Amino acid sequence: MRDVPQLVRPAGVAGIDLPLLTHYDPDGRRTALTAAELGGWAARTAGLLHDCGLGSGSRAAVLLPPHWRTAAALLGTWSLGVAVSFHLAATAGLPAIGPDAGVPFDVVFAARERLGSWLEDIPDAPHRFVFGAEPDRDPRDVIGWRDFEAEAARHPMDVPAPALVRTGSAASGDGTTYGQWGSIAREIAERQDLRAGDRIVIDATEHEHPVKWLLAPLSVGASIILCTDPARLDEIAAAEQATRVFGRPA
């Protein structure tokens, strides 16, 4: 049975030439990554954080929607033993999140579109990375932040001296361990009847927590298709020859 430490290197979950994670932007742009490609971006993320001096015992805040970059950031962060706190759109900010209120973070990952509405709630941290930065169009809302994709791309696709990630170590800010997240992911996969080899279309606007859209499919060896336009779920499912739409009966 897989737990999160085994998922941080996804190579081999899907066929070598088959997409492990496919993402559709609102404008219909399609990005597909194989297990090796997603694993490479996870390794680049780990290298970036390692160079920032982060590792086991460090804390990360993640304010990101479901996306292939988010998957890379989470898998790479976990591979170093860094505890991740998820802050979803439904929370409308960090102070109400509970255990994390007032606790300092070492790194913050935030989507560009969430910086404006959550600016006063985003915690300070020595390392801050923005996702989807477009400084040529409007640089004001990314001042003091570094572009995640540009920074990660400078690092090799090998994890430098990864920490020994233990199943009983905290994987998230509320104290949930790596092993517990793995168990929760498998329980969700079982309830959804997800199976190895499945191609799962997921409504990214409805299922934002990574235990649903990322860990549950990976825990059984299924591939992920993220759709950001609920009206296109059936269309994308047909185009991708999906076997399931997450949340619907088989």
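## Exercises on a predicted protein model

Four bridges join strand β3 to strand β5 (residues 107-111), and the two strands run parallel. Keep in mind as you work that this is a predicted model.

**Exercise 1. Find which strands pair with β3, and in which sense.**

Step 1. Start with β5: β3 and β5 are parallel and joined by four bridges. Within this pairing, V62 stands opposite F109 in β5.

Step 2. Now turn to strand β4 (residues 83-86). β3 pairs with β4 over four bridges, again in the parallel sense. Two bridge partners to look for in β4 are S85, which belongs with A61, and V84, which belongs with A60.

Step 3. Follow the chain from β3 to β4. Together with helix α3 (residues 68-79), these strands make a right-handed β-α-β unit.

**Exercise 2. Work out the strand order of the sheet, and say which strands stand at its edges.**

Step 1. Write down the order: the open sheet has five strands, arranged β4-β3-β5-β6-β7, with parallel pairing.

Step 2. Look for strands with a single partner. β4 and β7 (146-147) each have a single partner strand, so they stand at the edges, and one side of each has no neighbour in the sheet.

**Exercise 3. Decide whether the two faces of β3 are covered or open.**

Step 1. Recall a general rule: side chains in a regular strand alternate between the two faces of the sheet.

Step 2. Sort the residues of β3 (residues 59-63) by side. R59, A61 and L63 lie on one side, while A60 and V62 lie on the other.

Step 3. Check each group. Every one of these residues is buried, and both faces are covered. That matches the count for the whole strand, where five of five residues are buried.

**Exercise 4. Classify S223 and Q241 as buried or exposed.**

Step 1. Locate S223: you will find it in strand β9 (residues 223-227).

Step 2. Apply the cut-off. Buried means under 20% relative accessible area. S223 has 6% relative accessibility, so S223 is buried.

Step 3. See what surrounds S223. Leaving out residues up to four places away in sequence, S223 touches P19, L20, D198, R199 and I200.

Step 4. Move to Q241, in the loop between α8 (233-239) and β10 (244-245). Exposed means over 50%. Q241 is exposed because its relative accessible area is 66%.

Step 5. Link Q241 to a residue you have just met. Between Q241 and I200 there are 9.5 Å in space, C-alpha to C-alpha, although the two are 41 residues apart in sequence.

**Exercise 5. Describe how helices α6 and α7 pack.**

Step 1. Choose the right quantities: a pair of packed helices is described by the angle between the axes and the distance between them.

Step 2. Read them off. Helix α6 (residues 178-191) packs against helix α7 (residues 210-220) at about 85°, and the axes are 8 Å apart. α6 is therefore roughly perpendicular to α7.

Step 3. Name some residues that meet. Those on the α6 side include W181, I184 and A185, and those on the α7 side include V211, L215 and V220.

**Exercise 6. Summarise the whole chain.**

Step 1. Count the elements: the protein chain has eight helices and 10 strands.

Step 2. Consider burial: 55% of the 250 residues count as buried.

Step 3. Finish with the surface. The chain exposes about 11100 Å², and 50% of that comes from carbon and sulfur atoms.

How values were computed:
Residues numbered from 1 in each chain as written. Predicted model: local features only at pLDDT ≥ 70, side-chain atom pairs only at ≥ 80, totals over all residues. Heavy atoms only, no water. Buried < 20%, exposed > 50% of the residue type's maximum accessible area, 1.4 Å probe, protein only. Pairing = 2+ DSSP bridges. Right-handed = clockwise from strand over helix to strand, strands pointing away. Contact = heavy atoms within 4.5 Å. Areas by Shrake-Rupley, 256 points an atom, 1.4 Å probe, with all protein chains shown as cover. Axes fitted to C-alpha atoms, helices over the stretch in contact; angles between N-to-C directions. Parallel < 35°, antiparallel > 145°, perpendicular 65-115°, else oblique.
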